[in-house]
Amino acid sequence: MNSLYFSYPGKLESWQRVELIYGFLCCFTPEFAGIDPMHSSFKDEFPFLTAGAHSIIRLTDDEADTFSKTAETLLTEMNSTHADKFDMIRHLLRILLIRIRRMYDQRNDTKTTIQLNQAATMGRFRNAVNDHFIAMAAEKVSQKPSVSLIADMLNINASYLNSIVKQNSGLTASHFIQEKMVLEAKSYLMHTNLQVAEISYRLLFTDVPYFTRFFKNMTGSTPSSFRLNFLKKFDHDFSKAGNL
């Protein structure tokens with residue numbers, strides 16, 4: 001399906017590929033693009049890159065064709081030998097970002113005030129959940145995130161929050177938080193040498209068996225099996241790349 005997806009450093013996301021994906025990946029630093037995420041105008045200039053924004057925009061065939069042509073031009077410039085190619089790339093990137101902003105704003109213009117308010121609440125919810133996990137990693141909080149806890153942080157009713165999350169993500173607020181918890185657990189298992197017990201402790205589970213049951217219910221695999229399978233796949237992919 002024709003789509004644009006946005007991400008940025010610190011964003012908690014989980015990918016599960018169920019079919020081949022075709023398209024373009026465009027990564028850039030704020031400095032290269034000439035933008036300042038800390039500037040007061042950033043949210044208005046690049047709303048799709050701010051925390052809480054919808055991560056995916058569905059495109060029509062015509063829109064997809066337009067973006068594909070720009071991406072092809074960017075790729076051509078990247079592979080060129082022109083001395084000023086990075087100047088051209090910066091201009092093309094700016095054009096791309098402006099087109100995305102226009103499209104993003106146009107879609108928001110068609111929403112009702114109620115829909116915009118609900119989207120804003122969903123954004124606040126995402127931010128609060130992400131901030132809580134960051135605080136957990138820094139050992140600054142001693143309580144796992146829950147619907148009631150996040151609702152209290154946002155000064156809204158837990159049932160209302162759950163309905164908003166369900167409308168905007170298709171998940172209950174509780175399941176949304178659980179998926180973030182699994183993502184954080186997977187990150188520890190893949191990118192650290194911490195024992196399962198230590199990971200369980202860092203994620204504020206009351207005991208290791210409880211954490212193991214939770215992880216298996218969410219993923220179909222125990223934490224130890226998940227890590228082992230990841231390491232096997234990593235070693236296989238690394239060996240394969242080394243033989244190219």
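Why is the sulfur of Cys26 not in a bond with the closest cysteine sulfur, in Cys27? In this predicted model, the two sulfur atoms are 6.9 Å apart, which is too far for a bond. A disulfide is a covalent bond between the sulfur atoms of two cysteines, and a pair is counted here when its sulfurs lie within 2.5 Å. Cys27 is likewise in no disulfide, with the sulfur of Cys26 as its nearest cysteine sulfur, and the structure as a whole holds 0 disulfides. As for their surroundings, Cys26 is partly exposed, with a relative accessible area of 42%, whereas Cys27, at 63% relative accessibility, counts as exposed.

Attention turns next to the nonpolar interior. The largest nonpolar core has 30 residues, and those with the most contacts inside it are Phe125, Ile150, Leu161, Leu203 and Phe211. Two or more residues each come from helix 5, helix 6 (147–154), helix 7 (158–169), helix 8 (173–191), helix 9 (196–202) and helix 10. Of these, helix 8 gives the most, with 8 residues. Ile150 offers a handy view of this packing: apart from its neighbours within four places in sequence, Ile150 is in contact with Phe125, Ala128, Val129, Pro145, Leu161 and Ile177. There is also a second, separate core of 21 residues, which includes Leu4, Phe48, Leu96 and Ile100.

Helix 5, one of the contributors to the largest core, covers residues 113–137. Its 25 residues should span 36 Å at 1.5 Å a residue, and the C-alpha atoms at its ends are indeed 36 Å apart, so expectation and model agree. After this helix comes Glu139, which has a positive phi, near 55 degrees.

Aromatic residues deserve a look of their own. The count comes to 11 aromatic pairs. One of them joins Phe211 and Phe215: the ring centres are 6.1 Å apart and the planes meet at 50 degrees, so the pair is tilted. Both residues belong to helix 10 (residues 208–219), and because they are 4 residues apart there, about one helical turn separates them. Phe211 and Phe215 are both buried, and Phe211 is also among the residues with the most contacts inside the largest core. The two phenylalanines are part of one aromatic cluster, together with Phe205, Tyr210, Phe214 and Phe226. Phe205 has a charged partner as well: the charged end of Lys144 sits over its ring, 3.9 Å from the ring centre.

Definitions and conventions: Residues are numbered from 1 along each chain as its sequence is written. This is a predicted model: local features need pLDDT of at least 70, side-chain atom pairs count only at pLDDT 80 or more; totals for chains, interfaces and linings use all residues. Side-chain values use heavy atoms; hydrogens and water are left out. The expected span of a helix is 1.5 Å times one less than its number of residues. Buried means under 20% relative accessible area, exposed over 50%, partly exposed in between (1.4 Å probe, protein chains only). Rings of Phe, Tyr and Trp (its six-membered ring) pair if their centres lie within 6.5 Å; planes under 30 degrees apart count as stacked, over 60 as edge-to-face and the rest as tilted. A charge sits over a ring if NZ of Lys or CZ of Arg is within 6 Å of the ring centre and within 35 degrees of the ring normal. A nonpolar core is a set of buried Ala, Val, Leu, Ile, Met, Phe, Trp, Tyr and Cys residues joined through side-chain atoms within 4.5 Å. Contact means heavy atoms within 4.5 Å.
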